[in-house]
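Got your viewer ready? Load the model, switch on the cartoon, and follow along one selection at a time.

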Amino acid sequence: MSRPDAARTRTATDQEEAVRRELEDYYRAGRPPWDTGVTPPELVALVEGPDGLPPGRVLELGCGTGTNATYLARNGWEVVAVDLLGRAVDQAREKAAAAGVAVRLLHGDATRLDDLDVPGPYDLFFDLSCYCGIPPHRRDAYAAGLTRRAAPGARLLMFGYGPEAFDDPISGVTADELRGRFPGWELVETTPGTNPVPTFCFTLRLR
């Protein structure tokens, strides 16, 4: 490996470790800001609305303490949920057990789904502020991993912060980026959030 290649690898690894440390710091300090304990109304509408999806198989990326995985299981979905932090997965297991629902909870990296037992296919993917914090060099792997596991016509419901929300070169997501990184998917809706910082809800559908 040449020195420039080695330097790029170190930078990429440093970015991944920085993200992990920041997430761990949030959980050590208390509840992370994205983990409100309330299921987003957009997910409720997708599941329970007049044009809601019939229950199927769902994979949640970055499930945190399991609020939404538990909600989906309560509504008849077969749920698999993944989180990078073991601390979050442990809390999610406790939450699912307390609710009396079955959820497969896995400790792992959403950008390395091939390392996990998540063969699919899935009718729905749900992401509450996971993708927008992934280092850019891992985002294509995230998109490819989902696409390989998507059933025909699958949906991806993704919440994310805009790039202006944080003063760093990694965080944030835009509609244009998703169009570029998810070939074969259609971005069918983009809804701005009401948070003090820029946030968005994106709905994508596999063509």
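Start with helix α3: its buried residues pack against α2 (41-48), β1, β2, α4, β3 and β4. Contact here means heavy atoms within 4.5 Å, and buried means under 20% relative accessible area, with exposed over 50% and partly exposed in between (1.4 Å probe, protein chains only). Helices (H or I, at least four residues) and strands (E, at least two) are DSSP runs, numbered from the N terminus.

Some ground rules before going further. This is a predicted model, so to speak of local features takes pLDDT of at least 70 and side-chain atom pairs count only at pLDDT 80 or more, while totals for chains, interfaces and linings use all residues. Residues are numbered from 1 along each chain as its sequence is written, and side-chain values use heavy atoms, with hydrogens and water left out.

**Stop 1: α3 itself**

Select residues 67-74. Seven of the eight residues of this helix are buried, so α3 is largely enclosed by the rest of the structure. The buried ones are Thr 67, Asn 68, Ala 69, Thr 70, Tyr 71, Leu 72 and Ala 73. Now click on Gly 76, which follows α3: its phi is positive, near 90 degrees.

**Stop 2: β2, α4 and β3**

Next, select 78-83 for β2 and 103-107 for β3. These two strands run parallel and are joined by five bridges; strands pair if DSSP finds at least two bridges between them. Try Asp 83, whose bridge partner in β3 is His 107. To get from β2 to β3 the chain passes through helix α4 (residues 86-99), in a right-handed β-α-β crossover. Right-handed means that, with the strands pointing away from the viewer, the path from the first strand over the helix to the second runs clockwise.

Then pick Gly 108, in the loop between β3 and β4 (122-128). Is Gly 108 buried or exposed? Its relative accessible area is 11%, so Gly 108 counts as buried. Leaving aside neighbours within four places in sequence, Gly 108 is in contact with Val 82, Asp 83, Leu 84 and Leu 116. For a distance check, put a ruler between the C-alpha atoms of Gly 108 and Glu 177: they are 69 residues apart along the chain and separated by 24 Å.

**Stop 3: β5 and its partners**

Select 150-161 to bring up β5. Of its 12 residues, 10 are buried, so this strand is largely enclosed by the rest of the structure. β5 pairs with β4 in the parallel sense over six bridges, and with β7 in the antiparallel sense over seven. For a pair on the β4 side, take Phe 125, whose bridge partner in β5 is Leu 156. On the β7 side, Arg 155 stands opposite Arg 205. Add α5, and you have a right-handed β-α-β unit made of β4, α5 and β5.

**Stop 4: the cores**

A nonpolar core is a set of buried Ala, Val, Leu, Ile, Met, Phe, Trp, Tyr and Cys residues joined through side-chain atoms within 4.5 Å. Which residues have the most contacts inside the largest one? They are Leu 59, Leu 61, Phe 125, Tyr 142, Phe 182 and Trp 185, in a core of 33 residues. β5 gives the most to this core, with five residues. Apart from it lies another core, of 25 residues, among them Leu 53, Ala 69, Tyr 71 and Leu 105.

**Stop 5: the rings**

Rings of Phe, Tyr and Trp (its six-membered ring) pair if their centres lie within 6.5 Å; planes under 30 degrees apart count as stacked, over 60 as edge-to-face and the rest as tilted. By this rule the count comes to eight aromatic pairs. Show Phe 126 and Phe 159 as sticks: they sit edge-to-face, 6.0 Å centre to centre with 75 degrees between the planes. Phe 126 is in β4 and Phe 159 in β5, so the pair ties together parts that are 33 residues apart in sequence. Both are buried.

Now select Tyr 122, Phe 125, Tyr 131, Tyr 142, Phe 182 and Trp 185, which form one aromatic cluster. To finish, show two arginines: Arg 57 lies over the face of Tyr 122, 4.9 Å from the ring centre, and the charged end of Arg 139 sits over the ring of Tyr 131, 4.8 Å from its centre. The rule for a charge over a ring is that NZ of Lys or CZ of Arg is within 6 Å of the ring centre and within 35 degrees of the ring normal.
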